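Colleague: Please take one part of this structure and go through it closely, residue by residue. Then relate that part to the other annotated and ligand-lined places in the chain.

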Amino acid sequence: MSISCDMLVFGGTGDLALHKLIPALYYLHREKRLHDDVRILAIARQDIDLDAYLTLAERHIRAQITPSDFEADMWKAFSQRLDYFSMDATQRGEFVRLAHHLGQPEGRVRVHYLATAPNLFEPIASNLESAGLAGEEARIVLEKPIGHSLESALEINEAIGNVFPESRIYRIDHYLGKETVQNLMALRFANALFEPIWRSGQIDHVQITVAETLGVEERGSYYDHAGAMRDMLQNHLLQLLCLVAMEAPVRFDAKSIRGEKVKILEALKPITGNDVQDKTVRGQYVAGQIGGNDVQAYYFEKDVDNDSDTETFVAVKAEIDNWRWAGVPFYLRTGKRMAKKRSEIIITFKQVPHMLFTKGEVNRLVIRLQPEESISLQLMAKAPGKGMQLEPVELDLNLAHAFSSTRRWEAYERLLLDVIEGDSTLFMRRDEVEAAWNWVDPILRGWQSHYRKPRPYPAGTDGPDQAHQLIEHQGRKWWR
Ligand SMILES: NC(=O)C1=CN([C@@H]2O[C@H](COP(=O)(O)OP(=O)(O)OC[C@H]3O[C@@H](n4cnc5c(N)ncnc54)[C@H](OP(=O)(O)O)[C@@H]3O)[C@@H](O)[C@H]2O)C=CC1
Ligand SMILES: O=C1O[C@H](COP(=O)(O)O)[C@@H](O)[C@H](O)[C@H]1O
């Protein structure tokens with residue numbers, strides 16, 4: 001399907017637009033997935049001309065993509081799609097100018113991508129409406145986090161819902177666009193093998209780790225008000241949890257999948273008040289080393305308060321109160337400036353009921369999202385030679401090798417194309433976002449009264465020691 005559209009990127013000079021969206025659109029152009037007529041309009045207040053914007057875009061595309069994928073002719077053709085419009089999106093009058101700039105072409109889809117801070121979502125939506133830019137052909141894309149609490153998320157959802165119907169609102173969580181995340185659904189729902197053992201009788205616990213080596217980079221002013229809970233756990237990690245835990249949807253479509261995910265979010269056992277001390281860990285990095293290089297403490301980062309109590313690491317023991325998952329803890333952790341970049345889901349099965357051999361490790365299903373994408377099943381096997389010496393071996397499905405002739409798409413490529421084509425399967429519905437905040441809010445409140453100070457951890461480590469204590473129970477430990 002190839003659809004003629006105007007893609008308006010509000011926040012077109014920002015970190016997200018330049019690092020992710022514009023490079024993803026370049027790749028879609030290169031793969032001939034964009035209709036010849038697709039135009040991309042970057043919008044921000046900065047008063048620069050189109051040439052200056054093109055220079056900025058080219059520099060970032062070159063830096064973000066595989067160098068051999070940058071071709072001068074390709075860039076030249078792609079750059080003809082790009083345009084830049086300087087305006088303050090809080091000013092209603094500016095949208096009249098914008099509408100005039102866009103003209104009124106018939107039958108074009110209009111995508112309003114809000115790559116801006118969430119406090120601009122409401123004014124932009126209402127300004128779009130007043131300028132006649134929110135009609136039936138228009139879709140709106142909202143970046144996470146939607147708000148900073150349940151209350152603010154409700155307010156944003158209400159305001160956007162007054163302008164756009166739910167079917168034309170795309171709440172993006174780029175983790176849902178990652179290939180292996182979608183593979184998780186293929187693994188669970190296209191293979192008969194897993195369903196009978198995907199439950200509390202057979203599974204001991206689940207770990208979800210999203211570790212980054214990056215610090216807050218240029219995003220200190222945003223991050224210092226957000227922290228790891230709002231930036232990562234409330235959205236990406238809870239979405240991963242949903243995909244592991246949800247029941248099989250009736251169909252592979254937006255309604256069925258989102259319906260199953262929301263049931264899981266609603267079944268999360270609340271963590272309130274003093275519980276936060278037993279079931280959560282907050283950390284903040286101090287000076288350390290990553291890859292042999294010294295890195296500074298969080299509180300010295302640009303635009304970060306020197307006395308900041310913001311967490312750059314969070315670990316949570318989550319429990320799902322339903323039939324399938326009763327008694328199976330889901331340990332979630334994410335942090336910046338950790339030892340190694342890796343995102344993975346580990347399903348740890350229970351020990352066999354009667355062990356015949358001296359050594360027997362449990363089975364584990366390891367789903368790696370990054371840096372490499374793979375799925376492997378750790379099984380016990382007999383080591384060659386005399387006697388019954390058992391060793392763990394991996395049954396490995398390296399997805400990059402299995403599909404080596406196909407370039408792996410970046411998450412934003414897939415999701416941008418889905419928006420243009422009107423497919424909201426991999427986007428979050430309003431009630432999902434609200435259910436996630438409903439679970440996260442009491443934890444944030446509990447922290448204010450019972451856990452204000454994050455625990456320090458040296459940059460380049462796996463987080464504070466308390467995160468190990470959180471999981472150490474019945475021989476459990478974080479899997480490396
Ligand atoms: N960066 C990332 O990796 C990710 C970001 N996000 C989310 O994406 C959103 C954007 O993040 P990020 O790109 O990092 O933020 P930045 O601060 O880097 O960019 C903000 C952009 O908004 C523009 N802007 C600010 N105020 C106005 C205004 N009044 N009118 C028009 N444009 C305005 C800025 O340009 P100017 O000042 O010139 O107007 C700039 O282009 C946030 O909601 C964030 O949470 C989500 C996932 C990842
Ligand atoms: O949404 C966000 O995600 C990135 C991490 O994304 P990844 O695809 O590189 O794993 C994180 O750095 C950023 O703080 C957060 O806003």
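**The shell around ligand 2 and its setting**

Modeller: Ligand 2 is surrounded by Glu212, Leu214, Asp231, Met232, Ser343 and Gln370. This is a predicted model. The shell around ligand 2 splits by class into 2 nonpolar, 2 polar and 2 charged residues.

One of these residues, Gln370, also takes part in a backbone feature. The peptide bond between glutamine 370 and proline 371 is cis, with omega about 0°. Proline 371 sits in the loop between strand S14 (364–370) and strand S15 (374–382). A second cis peptide bond joins lysine 144 to proline 145, and omega there is about -10°. Proline 145 belongs to the loop between S5 and H6.

That second bond leads to the annotated positions. UniProt, in an unreviewed entry, lists Arg45 and Lys144 under "binding site". Lysine 144 is in the loop between strand S5 (138–142) and helix H6 (150–163). It has 21 C-beta neighbours inside 10 Å, so it counts as buried. Apart from neighbours within four places in sequence, lysine 144 contacts Ile172, Asp173 and Asn235.

Asp173 appears again in the contacts of the annotated active-site residue. The unreviewed UniProt entry places "active site" at His236. Histidine 236 is part of helix H8 (residues 220–245). Because histidine 236 has 23 C-beta neighbours inside 10 Å, it is classed as buried. With neighbours within four places in sequence left aside, histidine 236 is in contact with Asp173, Tyr175 and Val210.

The other listed binding-site residue, arginine 45, lies in the loop between strand S2 (39–44) and helix H2 (50–64). Arginine 45 has 13 other C-beta atoms within 10 Å, so it is partly exposed; the cut-off for buried is 20 or more. Beyond residues up to four places away in sequence, arginine 45 touches Ser86, Met87 and Asp88.

Arg45 also belongs to the surroundings of ligand 1. There are 23 residues around ligand 1, and Gly11, Gly14, Leu16, Ala44 and Arg45 come nearest. By class, the shell around ligand 1 has 10 nonpolar, 7 polar and 6 charged residues. Helix H1 (residues 15–30) gives the most to that shell, with 3 residues.

Glycine 11, among the nearest residues to ligand 1, is in the loop between S1 and H1. Glycine 11 counts as buried because 23 C-beta neighbours lie inside 10 Å. Not counting residues up to four places away in sequence, the contacts of glycine 11 are Leu16, Ala17, Ala44, Leu114, Ala115 and Thr116. Ala44 is thus listed both among the contacts of glycine 11 and among the residues that come nearest to ligand 1. The C-alpha atom of glycine 11 is 51 Å from that of glutamine 351, which is 340 residues away along the chain.

Now the domains. The chain is divided into domain 1 (5–143) and domain 2 (176–471), and their C-alpha centres lie 31 Å apart. Contacts between them involve 14 residues of domain 1 and 10 residues of domain 2. On the side of domain 1 that touches domain 2, the elements giving two or more residues are H1, strand S4 (109–114) and S5. H1 supplies the largest share of that side, 7 residues. By class, the residues of that side are 10 nonpolar, no polar and 4 charged. Helix H1 therefore gives the largest share to the side of domain 1 facing domain 2 and the most residues to the shell around ligand 1, and is followed by a loop leading to S2 that holds lysine 32.

Strand S4 is largely enclosed by the rest of the structure, because 5 of its 6 residues are buried. S4 pairs with strand S1 (residues 5–10) in the parallel sense over 6 bridges, and methionine 7 stands opposite valine 111 in S4. S4 and S5 also run parallel, joined by 5 bridges. In that pair, arginine 110 is opposite alanine 138 in S5.

Two backbone details remain. Lysine 32, although not a glycine, has a positive phi of about 60°. Lysine 32 is exposed, with 9 other C-beta atoms within 10 Å. Arginine 337 likewise is not a glycine and has a positive phi of about 55°. Arginine 337 lies in the loop between strand S12 (330–335) and strand S13 (342–349), and its 30 C-beta neighbours inside 10 Å class it as buried.

Technical notes:
Residues numbered from 1 in each chain as written. Chains lettered and ligands numbered in written order. Predicted model: local features only at pLDDT ≥ 70, side-chain atom pairs only at ≥ 80, totals over all residues. UniProt positions renumbered as here; feature names shortened; annotations may be inferred. Helix = DSSP H or I, 4+ residues; strand = E, 2+ residues; numbered from the N terminus. Buried ≥ 20, exposed ≤ 12 C-beta atoms within 10 Å, placed from the backbone. Contact = placed C-beta atoms within 7 Å. Near = placed C-beta within 6 Å. Nonpolar A, V, L, I, M, F, W, Y, C, P; charged D, E, K, R; others polar. Domains from an automatic or database assignment. Pairing = 2+ DSSP bridges.
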